[in-house]
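Thanks, everyone. Let me put the structure up, and then we'll walk through it piece by piece.

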Amino acid sequence: MDLVTISVIASAIAAFGLVAAWQHRLERAHDAEEEAKLRERLKEIKELGADKALTQCSHIHGDKCIGCGSCVIACHQGDVLAVVSGLARVVHAAHCIGCGRCEATCPVCAIEVGLGDISKRPDIPILSPELESSVPGLYIAGELGGISLVRNAIEQGKLAANAIARRLKADPKPKVPGVHDILVVGVGPAGLSALFRAVELGLDYASVSLDDVGGTVYKYPRRKLTLVQAADMPLQGRIKEGEYFKEDLLKMWSDTVCRNNIRVQINAAVEMITPADGVLETKTTAGTFKSRFVVLALGRRGVPRKLGVPGEESERVLYELADAAALQGQKALVIGGGNSAVEAALGLAAQPGNYVVLSHRKNEFSRLTSRNKERLDKAVAEKRLHLIMSSQVKCIEPDKVVLHSCDPGVVEKTDLPNDWVFVCAGGDPPFPLLHKIGVKFGKAPDEEAPEGKAPDAGPRETKTRAPGAPAVKVKT
Ligand SMILES: Cc1cc2nc3c(=O)[nH]c(=O)nc-3n(C[C@H](O)[C@H](O)[C@H](O)COP(=O)(O)OP(=O)(O)OC[C@H]3O[C@@H](n4cnc5c(N)ncnc54)[C@H](O)[C@@H]3O)c2cc1C
Ligand code: SF4
Ligand code: SF4
């Protein structure tokens, strides 16, 4: 090889090396830029409080994670997970729906869906593996216990009813007139499953609920598609995995109620549960029920939050939108900053002739799924939907709504001609009721040790396992 050839090869190698080094540096700069952006986003999410899970959520075992990112790709909620500094991280916990796709995808079992360490959560009641609360005989099933999704609710309802049936069998007592074996409160999927199982097992039951059969599903917007994972509903059989219109699920459940002549007292709100003479006395707005066991399946939606402004008692103020298609050529104001408010506003905006305004009291949406955020941005850009941020309703008059700015120092008033007001500001969850009943939570609302005393001799670790959710550590 002559000198010229050698120098050409050497130059080519040097040039290739330079390009590779340059490319590597660019990639690192890009990664660093991406990571800086992600960290900034993490800070924002934390400030907005959306880093906290509402129900069950994914949890990463940092010691096992290899940073492959499969979980990020598997998650359909868009921005719940991200790989930060080579490790998966839960970024937007409030957007996690606990579906478990990430868990199923992880090649090294480094991600788990559950409640995590509930000793830090004042919204998760402490339950035994069979879902009995700290009040003996009182079981908690479904979303009220922190585990969402229809399938999980069904599994938990069954689990509670089976446990109660076993206890009744193990400790039979002479029948006392007016004392039922089991009272089921709430007829969402969890309550229905407990109720159907109780009927299947021949237990003497009573059942009360605020709303009609279906619970939260009953309140979904018309024709909402519900993704249900496979579950076996007592008295009914297998619900195959798939997407169901809410009407189809409701029909399945109502048919089972009718076919088996099951009695459900609707429009009855539970007010108190008290242990008395070996039974539980449940006071409701429809009377008092006595039973040996109670399954509380109240969900987490609670009573819809009101605005507390003059004119709110008007018949054109509603707290949910059942059927957007029923309103056309109308002027509607939707109030709220969550997914249900945005979905209601988008549903109304899609109807011919509607003029729809969405009012949110903050200057940012923190709890929207990425899909809803995209749809909202598009509708606003196309002027199909009008947004008034940092605003709150001052009063509702016969043909208009008066909005004021929430920004301190800004005196701005907007008069909106209006036919309908939809208040989608969430609900007051039933936790105060549970506290009143004596149910213990992972963390008390104001956990202060009495003077000179350590808080509750803890931490002691127990294991609780909710079906559909992996085992979680509970410190009590
Ligand atoms: C908009 C939306 C979309 C969803 N989409 C899906 C989905 O696609 N797939 C999925 O699997 N899950 C979905 N979910 C979650 C699912 O609906 C819930 O996890 C499930 O309904 C919880 O069932 P539950 O029986 O525990 O409670 P709920 O369904 O909330 O039922 C609670 C019951 O308790 C009653 N109640 C409440 N308070 C009282 C009281 N004080 N006294 C007496 N009764 C009371 C209510 O009337 C109701 O009957 C969605 C939830 C929402 C809000
Ligand atoms: S549980 Fe479902 S929603 Fe939550 S992070 Fe995993 S894939 Fe996403
Ligand atoms: S799939 Fe598992 S290993 Fe891969 S990034 Fe996610 S948690 Fe880590």
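I'll start at a ligand. The shell around ligand 2 splits by class into nine nonpolar residues, four polar and one charged. Keep in mind that this is a predicted model. In total, 14 residues surround ligand 2. Which of them come nearest? Cys75, Cys96, Cys99, Arg101 and Cys102.

Now ligand 3. Here the shell has 15 residues. The closest are Cys65, Cys68, Cys71, Ala88 and Cys106. By class, that shell holds 11 nonpolar residues and four polar ones. How many are charged? None around ligand 3.

Let me step back to the whole chain. There are 476 residues, and 38% of them are buried. The secondary structure amounts to 10 helices and 27 strands. As for contacts, take those between residues at least 6 apart in sequence. Of these, 67% link residues at least 24 apart.

Next, the sheet. It is open and has five strands. In what order do they lie? S17, S24, S18, S19, S20. The pairing is parallel. At the edges sit strand S17, residues 317–318, and strand S20, residues 386–388. Each of those two pairs on one side only.

Look at one pair inside that sheet. Strand S18 covers residues 331–335, and strand S19 covers residues 355–359. They run parallel, joined by five bridges. For an example, go to Val334: its bridge partner in S19 is Leu358.

What packs on this sheet? Helix H8, residues 339–349. H8 touches S18, S19 and strand S24, which is residues 420–423. The direction of H8 makes about 165° with that of S18.

One more helix: H5, residues 189–200. H5 has 12 residues and reaches 16 Å from first C-alpha to last. That is close to the 16 Å expected at 1.5 Å a residue. Is H5 mostly covered or mostly open? Mostly covered: 11 of the 12 residues are buried. The buried set starts with Pro189, Ala190, Gly191 and Leu192. It goes on through Ser193, Ala194, Leu195 and Phe196. Arg197, Ala198 and Val199 complete the list, so to speak, of buried residues in H5. Just after H5 comes Gly202, with a positive phi of about 75°.

That's the tour. Happy to go back to any part of it.

Technical notes. Residues numbered from 1 in each chain as written. Chains lettered and ligands numbered in written order. Predicted model: local features only at pLDDT ≥ 70, side-chain atom pairs only at ≥ 80, totals over all residues. Helix = DSSP H or I, 4+ residues; strand = E, 2+ residues; numbered from the N terminus. Expected span 1.5 Å × (residues − 1). Buried ≥ 20, exposed ≤ 12 C-beta atoms within 10 Å, placed from the backbone. Near = placed C-beta within 6 Å. Nonpolar A, V, L, I, M, F, W, Y, C, P; charged D, E, K, R; others polar. Pairing = 2+ DSSP bridges. Contact = placed C-beta atoms within 7 Å. Axes fitted to C-alpha atoms, helices over the stretch in contact; angles between N-to-C directions.
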